[in-house]
Amino acid sequence: MEVVIVPDAKAGGELIAEAMAQLLRRKPGALLGVATGSTPLPVYEALAAKVRSGAVDVARARIAQLDEYVGLPADHPESYRSVLRREVLEPLGIAMDQFMGPDGTAADVQGACEAYDKALADAGGVDLQLLGIGTDGHIGFNEPCSSLASRTRIKTLTEQTRIDNARFFDGEIDQVPHHVITQGIGTILEARHLVLLATGEGKADAVAATVEGPVAAVCPASALQLHPHATVVVDDAAASKLKLADYFRHTYANKPEWQGI
Ligand SMILES: N[C@@H]1[C@@H](O)[C@H](O)[C@@H](COP(=O)(O)O)O[C@@H]1O
């Protein structure tokens, strides 16, 4: 696992957008796994700026969704499909037919989950999966004690996650669905490169448990320790509880040859 400590969210966004741009230059049809939440927004803004300036071409890029609420109509403004259309696809100029995600409105939810895992595999797998992290250490919507081998499936949100996400529903927790579909941890671990971005002091405990704690289902993000190419990008505030912060800073500053993350 590589830990990169950046001064602020904007620098983290730029670093990850550049990694995505390098991937797309090598592999124009790459499948990018994207996350929702506030944290990844600087990544999408930096990548859109690169598209506008001609630094990268996303004409053949494909986008895969990480998770979705169950029961919200697909055109609900806070369905993750709508959020990603607004925050990723439209700014990048990527058409919906280059987008894939689980169907949160399916009558057969388990069938939709299995179909999504198959669709990801049939698409050749995710090349780079961007992840945020919940205050309880969740990735996607894999809440604490999710199996580290889990596949895409239905999950029940914790009260804390519903409180955290109520801000997207006019501050009303009752509007936040209880159930979600999420790529499983085993599914996420199949992506070729995992990039987790965490910013702000509120994520410091979760980041410390992810990076320096044991691999344990109680902190689902700690599963990144099992992945051969995982990059954790954190700002100073989110890094504030890392015991090895000085080592991580020193290592990154002295990378012998800059090869991206
Ligand atoms: N399912 C999403 C996660 O993918 C995201 O990482 C998390 C943190 O969001 P934020 O970045 O807004 O803190 O929120 C939701 O639970």
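An oxygen atom of the ligand lies 2.7 Å from a polar backbone atom of Ser38. That distance comes from a predicted model. The ligand is well covered: the protein takes up 94% of the 390 Å² of accessible area that the ligand has on its own. The space filled by the ligand is the largest pocket.

**Polar contacts to the ligand**
- Ser38 makes its contact through the backbone, with a ligand oxygen as partner.
- Thr39 uses its side chain: a polar atom there is 2.4 Å from an oxygen atom of the ligand.
- His138 also uses its side chain, where an N or O atom sits 2.8 Å from a ligand oxygen.

**The shell around the ligand**
- The ligand is surrounded by 14 residues.
- Ser38, Thr39, Asp67, Arg167 and Lys203 are the closest of them.
- By class, the shell holds eight polar, three charged and three nonpolar residues.

**Active-site annotation**
- An unreviewed UniProt entry marks Asp67, Asp136, His138 and Glu143 as "active site".
- From this set, Asp67 and His138 belong to the lining of the largest pocket.
- Asp67 is also among the residues closest to the ligand.
- His138 is the annotated residue with the 2.8 Å side-chain contact described above.
- Asp136 is located in a loop, with strand S6 (128-131) on one side and strand S7 (153-156) on the other.

**Domain annotation**
- The unreviewed UniProt entry lists residues 10-225 as "domain: Glucosamine/galactosamine-6-phosphate isomerase".
- Across residues 10-225, helix makes up 36% of the chain and strand 14%.
- The C-alpha atoms at the two ends of this stretch are 25 Å apart.

Note on methods. Residues are numbered from 1 along each chain as its sequence is written. This is a predicted model: local features need pLDDT of at least 70, side-chain atom pairs count only at pLDDT 80 or more; totals for chains, interfaces and linings use all residues. Side-chain values use heavy atoms; hydrogens and water are left out. A residue is near a molecule or strand if one of its heavy atoms lies within 4 Å of it. A polar contact is a pair of N or O atoms within 3.5 Å; within protein, one must be able to donate a hydrogen and the other to accept it, and residues adjacent in sequence count only if both atoms are side-chain atoms. Accessible areas come from the Shrake-Rupley method with a 1.4 Å probe; for residues, only the protein chains shown count as cover. On a 1 Å grid over the protein atoms alone, a cavity is a set of points where a 1.4 Å probe fits but cannot get out, and a pocket is an open set with protein on both sides within 12 Å along at least five of seven lines; lining residues have an atom within 4 Å of a point. A molecule sits in a cavity or pocket if more than half of its atoms lie within 2 Å of its grid points. Ala, Val, Leu, Ile, Met, Phe, Trp, Tyr, Cys and Pro count as nonpolar, Asp, Glu, Lys and Arg as charged, and the others, Gly among them, as polar. UniProt positions are given in the numbering used here, feature names are shortened, and annotations may be inferred rather than shown by experiment. Helices (H or I, at least four residues) and strands (E, at least two) are DSSP runs, numbered from the N terminus.
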